[in-house]
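Student: I'd like to go through this protein and see what earns each feature its label. Let's have it on screen.

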Amino acid sequence: MGHDLTTFFQPRSIAVVGASENPTKIGHASLKNILISDYHCTLYPVNPHEDEILGMRCYKSVLAIPGSLDLVIISVPAPIVPAVLKDCVKKKVAWVIIISSGFSEIGNHKEEEELKEIIAGSTTRILGPNTMGYKNASTGIDASFAFGMPRKGNLGLISQSGALGMGMIYLANNEYVGLSKIVGVGNKIDIDDDDLITYMANDPETAVIGLYIEGIRHGREFMRSIKACNKPVLVVKAGRGKAGARATASHTGSLAGSDEIYSAAITQSGGIRCRDLVELFDMARALAGQPPAQGNRIGIITNGGGLGILLTDACEANGLVVPPLSKVTFEKMQKILPSLIRPNNPVDLVADAGFYRYWSSSLALLQDPNIDGIIVASVHAGYARPREYTGAIQKMIAQQKLHHEYKKPILGCWVGGREFEDLVQDLKAVGVPIYPSSWRAARAMYAMVKEGERLKRTTKPRKKPR
Ligand code: COA
C-alpha cells in the first residue's frame, strides 16, 4: 500500500512475456499496443521459442535482457506465471502486470497466495492477476492487450473488470468524456484501489476519479485514500444483492459484503456512490468542467411545464431545493416572459421560447444570490427551433463561460429525437454537460452540490493575519 506509481505509469523499459507472432494471441496484442503507442520507451519481447517478434529481437527470459526493467507484462498461462514472476524478482523489476487469469476468480486461492509469497520482501509490485493492464491517455502509453485508446481528458478510471473497463472507454468516447488514464485492477493482490486513488489524487492530469468495484480487500485504506483525496471520487459498487454477490465471487474472486456498509463507507469518506456507469459519466462530465454548487438551491428553466415539474421532483428526491423566485428575480422575469405567464421556479418559458428568453432568464437566475446552480431544459415541442436552445446554452457555457463568472454550475437537459440529437452531440463535444432525462440531470446536479459540501468540509479556513 502507498506505492509511488510514477514509473509504473511512465516506464522507460518494458518487457512483454508471452509475446507472440500469432496475431490472435493476447501476448501479441500486448506487445503491439506498446509498439504503436505514441510513447518513447525500450521494448523487449520475451518468448523462449522465438528469435524475433514484430521485427524486434526476442529474449528467452527476462533474465536474458540487458539492463534494468521498469515494467514486465505477463501473458502466459497461469501455471507458468510463478516461474516468470520469480525471474522478475531476481531481476529487481519494479512493476509487473499479470494479465493471466486462472487464480482466485476460479477458486485457485493457493496459486494466488504463491504469487504473493514470491514478491514478499522484494521491491517488485504486481497489478492483477486477471487484469487488462492500463492505458495512459496523458502520456500515450497503452499497457493493455485491448484495442482502442480513450480521448485525452481529466477523468481517471479504476476498474475491477477489464472488459467493462474497455466498454467504459468506448462509452466515454461516445459521451465526449476524456480520460487521463484507465487501470484494470483485476484480483488486486498487491496494487489496490487505495494506491491508485492516492496516485490520481496527486496526478495533475486527473481532476475526477471514477471506480468500478466488486469488492474491497482493505476497507480502512480504501476509506482513508478517498478521505485524503482532494478531488471528487465517484464509485460504482456492483454486487448489491445475493445473486450479484455470487456473480462477483466468480468474476474477480471478490467478497461483495453488505451493500449498506459499502454505501456508508463510500459516503462517510466523502465519495459519491453512483447507481451505474452512465451515472458515473454523467456526474464526471459535470464535475470536470463546472464549478461546484455552493448550496443546494436550484433554479430550473424550461420551455415545457411538464419537464420543469419532472426536474423539480427529481431535484427534491435527491435532497435539492427548488425555491420560489426572489422579488428581484420575479420582476426581471416579468420583463422577459410574455405577459400571460406568471413567473415561478421552475421558470416556464413556454413552447415558443427562443434564444432571448433562454439567455436572459438564465442570466437572471445566475445573478440571484438565492440560487446555487441552474438546469436549463428544453423539450423538442415541435414549434420552437432546437437550435435557439442549444445556441443559448452553448453561448452561456462554451463561449461566455458564465458558470465561471457566476461560480455556479449550469447543466442542460433535453427531451427530443434525432433532429435534436446531432445538436446535443455538438454541445457535448465542446464540454457542455447535457442530459436526456430529468433524473440524470438532477443526479448530476446532486454531484455538484455534494462536491461543494466536500470542499467546504475539507478546505481549512485561512488564519487571520495578526
Ligand atoms: N516465457 C515466455 N513465453 C512463453 C513461456 C515462457 N516461460 N512459455 C510459453 N510462452 C509463450 C508461448 O509459447 C506462446 O507463444 P507462441 O504463440 O509463440 O507459441 C505465448 O507464450 C502464450 O502462451 P500460450 O500457451 O499460447 O497461451 P495463450 O496466449 O493461449 O494464453 C493467456 C495465455 C494469459 C492469454 C491465458 O492463459 C489467459 O489467462 N487468458 C485470459 C486473460 C484475461 O482475460 N485476463 C483478464 C483480462 S480483464
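**What earns each label**

Tutor: Let's start with a loop: proline 129 sits between strand S7 (125-127) and S8. Bear in mind that the model is predicted.

Student: What makes the peptide bond from glycine 128 to proline 129 cis?

Tutor: Its omega, which is near 0°. There's another case at asparagine 345 to proline 346, where the bond is cis with omega near 10°. Proline 346 is in the loop between helix H12 (327-336) and S16. They're worth pointing out because most peptide bonds are trans.

Student: And what stands out about the phi of leucine 54?

Tutor: The sign: phi is positive at about 50°, and the residue is not a glycine. Most residues other than glycine have a negative phi, so a positive value catches the eye. You'll find leucine 54 in the loop between strand S3 (52-53) and strand S4 (56-57).

Student: On to the ligand. How do you know which residues surround the ligand?

Tutor: A residue is in if one of its heavy atoms lies within 4 Å of the ligand. That gives 22 residues, the closest being Ser20, Lys25, Asn47, Ile99 and Ser101. By class, the shell splits into 10 nonpolar, 10 polar and 2 charged residues.

Student: What makes the approach of lysine 25 a polar contact?

Tutor: The cut-off for an N or O pair is 3.5 Å. A side-chain N or O atom of lysine 25 is 2.7 Å from an oxygen atom of the ligand, so the pair qualifies. Backbone atoms join in too: a polar one of isoleucine 99 lies 2.9 Å from a ligand nitrogen, and a polar one of serine 101 lies 2.8 Å from a ligand oxygen. Both pass the 3.5 Å test.

Student: How much of the ligand does the protein bury?

Tutor: 70% of the 970 Å² that the ligand exposes when taken alone.

Student: Now the sheets. Why do S16 and S19 stand at the edges?

Tutor: The strand order is S16-S15-S17-S18-S19, an open sheet with parallel pairing. Strand S16 (347-348) and strand S19 (434-435) each have a single partner strand, so one side of each has no neighbour in the sheet.

Student: How do you know that S17 and S18 pair?

Tutor: Pairing takes at least two bridges. Strand S17 (residues 373-379) and strand S18 (residues 410-415) have 6, in the parallel sense, so they meet that bar. For one of the bridges, isoleucine 375 has leucine 411 in S18 as its partner. Helix H16 (residues 418-429) packs on this sheet, touching S17, S18 and S19, with its direction at about 165° to that of S18.

Student: What is the order in the sheet of 7 strands?

Tutor: S9-S8-S11-S10-S12-S13-S14, open and with mixed pairing. Strand S9 (141-144) and strand S14 (272-274) are at the edges, since each has a single partner strand. From one strand to the next, the twist averages 20°.

Student: What makes S10 and S11 partners?

Tutor: Strand S10 (residues 152-159) and strand S11 (residues 179-184) run parallel and share 6 bridges, so the minimum of two is met. Isoleucine 158 stands opposite valine 183 in S11. Helix H5 (residues 162-174) lies across S8, S10, S11 and S12, at about 165° to S11.

Technical notes: Residues are numbered from 1 along each chain as its sequence is written. This is a predicted model: local features need pLDDT of at least 70, side-chain atom pairs count only at pLDDT 80 or more; totals for chains, interfaces and linings use all residues. Side-chain values use heavy atoms; hydrogens and water are left out. A polar contact is a pair of N or O atoms within 3.5 Å; within protein, one must be able to donate a hydrogen and the other to accept it, and residues adjacent in sequence count only if both atoms are side-chain atoms. Accessible areas come from the Shrake-Rupley method with a 1.4 Å probe; for residues, only the protein chains shown count as cover. Ala, Val, Leu, Ile, Met, Phe, Trp, Tyr, Cys and Pro count as nonpolar, Asp, Glu, Lys and Arg as charged, and the others, Gly among them, as polar. Helices (H or I, at least four residues) and strands (E, at least two) are DSSP runs, numbered from the N terminus. Contact means heavy atoms within 4.5 Å. Axes are lines fitted to C-alpha atoms, for helices over the stretch in contact, and angles run from 0 to 180 degrees between N-to-C directions.
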